[in-house]
Amino acid sequence: MKQAVAATILAAIALGGALVARPAHAQIRSEMKVFNDAFISPAFEATQKTSYQFVGAQLKTEEKSTDAMVMDLTGAVALGEPLLNYLNLSEFYYGKELSEDQVLTIGRRKMNWSELDSRWDLGVWEPIFKWNPLSPERQGLTGFFWDVKRPSFALTLFASPLFIPDQGPSFEIQDGEFVKTNPWFHRPPDAIHIFDETTQIEYRMKRPSDSQVVLQTSSGVKLSFG
């Protein structure tokens, strides 16, 4: 699982390079960086280390347009800490202009479904990338989008056989309990204080299969006037 994340990041970077080599599809800006994250609060539950080094990359199209591939991908590999690797595929879609006022889009695309969502990253309509809970980022819905734009109104229909939930920090489970390995992941409390008495909490984690979570249909409609 951990090695797969790093492999996915490298594969996505390779795919972005292929798209750059074909400017007829998209103009993509790429960026490589090396950075360091340090955790100074005990709330992050850092165990042995408080500082981590990352090697990351970003691939992003300069402009969004129809009849072109649009992507916004960010990933990083933590040196010596594979559980901290992450891949944020915020957008990845292809748009096809059907007529002067109709566009069909397939893939993962961000939209302004709700002003509250767009401003405050609440995650009501679109999923949220919360690898760093202090800096959440919106991710697009994944599926088919049909846009109709007329002088007096605009209509968007969305449908998908998939549901991709919020993407939080990675974690490990051993013997049905969370393991303190990722400083970004906040485990459930082991005890609770009631009337000056401490009571231990026992829990067991049952994780559903990925297909049970992802294979859920979803749909949406947006209509605006003026």
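**Core, aromatic rings and salt bridges in a predicted model**

Biologist: Which residues make up the largest nonpolar core of this structure?

Modeller: In this predicted model, the largest nonpolar core has 11 residues in all. Strand E2 (51–61) and strand E3 (68–78) each supply at least two residues of this core. The members are Phe39, Tyr52, Phe54, Ala76, Ala78, Leu83, Leu84, Tyr86, Phe129, Trp131 and Trp184.

Biologist: Which residues form one aromatic cluster, and which residue lies over the face of Phe35?

Modeller: One aromatic cluster is formed by Phe35, Phe54, Tyr86, Phe129, Trp131 and Trp184. A charged side chain also lies over the face of Phe35, at 5.3 Å from the ring centre. That residue is Lys33.

Biologist: How many aromatic pairs are there, and how far apart, centre to centre, are Trp113 and Trp125?

Modeller: The count comes to nine aromatic pairs. Trp113 and Trp125 form one that is stacked, with 5° between the planes. Planes under 30 degrees apart count as stacked, so the angle of 5° fits that class. The distance from centre to centre is 5.5 Å.

Biologist: Where do Trp113 and Trp125 lie, and how many residues apart in sequence are the parts that this pair ties together?

Modeller: Trp113 lies in the loop between strand E5 (102–109) and H2. Trp125 lies in the loop between H2 and strand E6 (128–129). Because the two rings sit in separate loops, the pair ties together parts of the chain whose separation in sequence is 12 residues.

Biologist: Is Trp113 buried or exposed, and what is the relative accessible area of Trp125?

Modeller: Buried means under 20% relative accessible area. Trp113 has a relative accessibility of 12%, so this residue counts as buried. Trp125 is partly exposed, with a relative accessible area of 41%.

Biologist: Which residues make the nonpolar surface patch of about 610 Å², and in which helix is the place of Leu116?

Modeller: The patch is made by Leu116, Trp120, Leu122, Val124 and Trp125. Leu116 has a relative accessible area of 51% and is therefore exposed, as the limit for that class is over 50%. The place of Leu116 is in helix H2, residues 115–120.

Biologist: Which residue lies over the face of Phe145?

Modeller: Here a charged side chain lies at 5.0 Å from the centre of the Phe145 ring. The residue over this face is Arg109.

Biologist: How many salt bridges does the structure hold, and which residues are linked in a network with Arg29?

Modeller: The structure holds eight salt bridges. In one of them, Glu62 joins Arg29, and the closest N and O atoms are 3.5 Å apart. This pair links distant parts of the chain, 33 residues apart, with Glu62 in the loop between E2 and E3 and Arg29 in strand E1 (residues 28–38). The residues linked with Arg29 in the network are Glu31 and Glu62.

Biologist: With which residue does Asp67 form a salt bridge?

Modeller: The closest N and O atoms of this salt bridge are 3.8 Å apart, which is within the 4 Å limit. Asp67 lies in the loop between E2 and E3 and its partner in strand E4 (residues 86–99), so the pair ties together parts that are 29 residues apart in sequence. Asp67 counts as partly exposed at 34%, and the partner is partly exposed at 41%. The partner is Lys96.

Biologist: What is the N to O distance in the salt bridge of Asp101 and Arg150?

Modeller: Asp101 is in the loop between E4 and E5, while Arg150 is in the loop between strand E8 (141–149) and strand E9 (153–160), 49 residues apart. Asp101 is partly exposed, with a relative accessible area of 22%, and Arg150 counts as partly exposed at 39%. Their side chains meet at an N to O distance of 2.6 Å.

Biologist: What is the phi of Asp121, and what is the phi of Asp196?

Modeller: Most residues other than glycine have a negative phi. Asp121, found in the loop between H2 and E6, is not a glycine but has a positive phi of about 50°. Asp196 is found in the loop between strand E12 (191–194) and strand E13 (197–200), and counts as exposed at 82% relative accessibility. Although not a glycine, Asp196 has a positive phi of about 65°.

Notes
Residues numbered from 1 in each chain as written. Predicted model: local features only at pLDDT ≥ 70, side-chain atom pairs only at ≥ 80, totals over all residues. Heavy atoms only, no water. Patch = residues over 30% accessible without salt bridge, like charges linked within 9 Å, V, L, I, M, F, W, Y side chains within 5 Å. Areas by Shrake-Rupley, 256 points an atom, 1.4 Å probe, with all protein chains shown as cover. Helix = DSSP H or I, 4+ residues; strand = E, 2+ residues; numbered from the N terminus. Buried < 20%, exposed > 50% of the residue type's maximum accessible area, 1.4 Å probe, protein only. Core = buried A, V, L, I, M, F, W, Y, C linked by side-chain atoms within 4.5 Å. Phe/Tyr/Trp six-rings, centres within 6.5 Å; stacked < 30°, edge-to-face > 60°. Lys NZ or Arg CZ within 6 Å of the ring centre and 35° of its normal.
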